[in-house]
Structure formats: C-alpha cells, structure tokens
Amino acid sequence: MKTEVQELVEKGTMLPLMEEFYTIQGEGYHKGTAAYFIRVGGCDVGCHWCDVKESWNPNIHPPTEITSIAENAAKYSKTIVITGGEPLTWDMGPLTSLLKEKGMDTHIETSGAYTLSGTWDWICLSPKKMKLPTPEVYKAANELKVIIYNNDDFRFAEEQAAKVSKDCKLYLQPEWSKRDKMIPAIVEYVMNDPKWVVSLQTHKYLNIP
C-alpha cells in the first residue's frame, strides 16, 4: 500500500527536493545570467561521470510541497531552472503551472529519457547514450548540449543533432574531469563545423554553485 506522501510525489504535488539555490547559470545558451535552481532527486540514467551522484536516489531527499518550492523560487529570480537528477522522472506539470502563475520563466535541464511533462520556456536537452531521449523531447528542445568525454562522443553528438529541430542551438561541452584533454579537440571540431558552439562549465571556473 502506497503512503499518502508517495502518492503525492507520483502526482507531482510533492517532489524529492535535493537543493535549491540562487546563482549564475554556468552552461549553454543562458550562461552568465542569474537564475534560481531547483534540483530534484531521482535518476536512473547512470552516467559514470555524473558530478551529482547523490541526486540519484530520490529516497534520501525530503518530499517537499511544490507550493513551498514555488514560493521560495519567486523570491529570488524570474528565471527558474529545474534540474536533477532527472526531473522528468516526475510529473513536472503541477510545479511549472504554479511557477507560470507567478510569472516565472521555466527552464529544464534534462536527459530527455522520460515523457516530457510541464510547461517550459526553455528546454536544454543533454542526451545520454545509456538511455536515449523520447521523440517528443527531441522535437521540443531549444538547446542540445552534448557532453564530450571521449572521441566517440563527437559521433554521438552528430547523431543527436540530426534528431532535433533546425532552430535548436547546438553545444559541445567537455566533461569536467577530461577538460584538459578534450577542450583542444572540441575547439578544432567547432572550427571545422561551426553549427556547433563550445559550452564550458563556467560556474566551476567562477567557483560558484
């Protein structure tokens, strides 16, 4: 028998909240802009290089009322970024409805591995080989951000770019622990194929969350 809390989490009216913080967006199209981040626990995609593995198990993060999450977010910024973990593990409809009622711009960072839910002003799709995105996420993505860990990831990036819309922004981002090795390769790749843009984790260089 499911508990009442589990049922509310499955409906998306409570979410396993790992952390929330106001900072500067460090990656991709909106880098350098202020945003309030909501990090939701729960992910079974299993990237070996993930830098927030503590987000994987939703059971260690407290189920939190989305009314409280939305109220907190509205105090800090008009731009709200929902990340994880994998936020699409859960129904994002109820939370994004509340945020939109408050006049917020809603952004999501997702692997796209689950059904797209929620109302979004910006979808950053960062696909993973282990669990590919659903067709509807490819179509809706505003930004494709492929993490480059090794040379095979360039092949994967082209494969993924062929599936998004022609207006989707295309980014190649070095995996942080391999940045010294992969940045020269990424720079050369982008110079040879300028439909791509280099993305760096600038928040790590700035030493902010």
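How much accessible surface does the protein chain have, and what share of that belongs to carbon and sulfur atoms? The accessible surface comes to about 10100 Å², and 54% of that belongs to carbon and sulfur atoms. Keep in mind that we're looking at a predicted model here.

**The chain as a whole**

The protein chain holds seven helices and nine strands. Its radius of gyration is 17 Å, close to the 17 Å that the globule rule gives for 209 residues, so the chain is as compact as a globular protein of that length. If you prefer box dimensions, the C-alpha trace spans about 55 × 35 × 30 Å along its principal axes.

Of the 209 residues, 47% are buried. Take the contacts with a separation of 6 or more, and 62% of them come from residues 24 or more positions apart. As for charges, there are 23 positive and 28 negative ones, and their mean positions sit 4 Å apart.

**Helix α5**

Now for a helix and its buried face. Helix α5 covers residues 152-161, and its buried residues are D153, F154, F156, A157, Q160 and A161. They take up an arc of only 160° around the axis, which puts them on the same side of α5. The general pattern behind this is simple: an α-helix has 3.6 residues a turn, so residues three or four places apart point the same way.

What do the buried residues of α5 pack against? Their partners are two helices, α4 (135-140) and α6 (179-192), together with the strands β7 (143-148), β8 (169-174) and β9 (196-198).

**Two buried residues, T64 and V52**

Let's zoom in on a strand residue and a loop residue. T64 lies in strand β3, which runs over residues 63-65, while V52 has its place in the loop between β2 (34-40) and β3.

Is T64 buried or exposed? T64 is buried, because its relative accessible area of 16% falls under the 20% cut-off. V52 counts as buried too, at 13% relative accessibility.

Here are their contacts, leaving aside neighbours within four places in sequence:

| Residue | Relative accessible area | Contacts beyond four places in sequence |
|---|---|---|
| T64 | 16% | T13, M14, L15, L17 and I69 |
| V52 | 13% | R39 and G84 |

So which residues does T64 touch once those neighbours are set aside? Among them are T13, M14, L15 and L17, and I69 is on the list as well. For V52, the contacts are with R39 and G84.

One distance rounds out the picture of V52: its C-alpha atom is separated by 9.8 Å from that of G41, and the two residues are 11 apart along the chain.

How values were computed:
Residues numbered from 1 in each chain as written. Predicted model: local features only at pLDDT ≥ 70, side-chain atom pairs only at ≥ 80, totals over all residues. Heavy atoms only, no water. Helix = DSSP H or I, 4+ residues; strand = E, 2+ residues; numbered from the N terminus. Rg over C-alpha atoms; globule rule 2.2 N^0.38 Å. Buried < 20%, exposed > 50% of the residue type's maximum accessible area, 1.4 Å probe, protein only. Contact = heavy atoms within 4.5 Å. Areas by Shrake-Rupley, 256 points an atom, 1.4 Å probe, with all protein chains shown as cover. Lys, Arg positive; Asp, Glu negative; His and termini not counted. Charge placed at Lys NZ, Arg CZ, Asp CG, Glu CD. Arc of directions from axis to C-beta.
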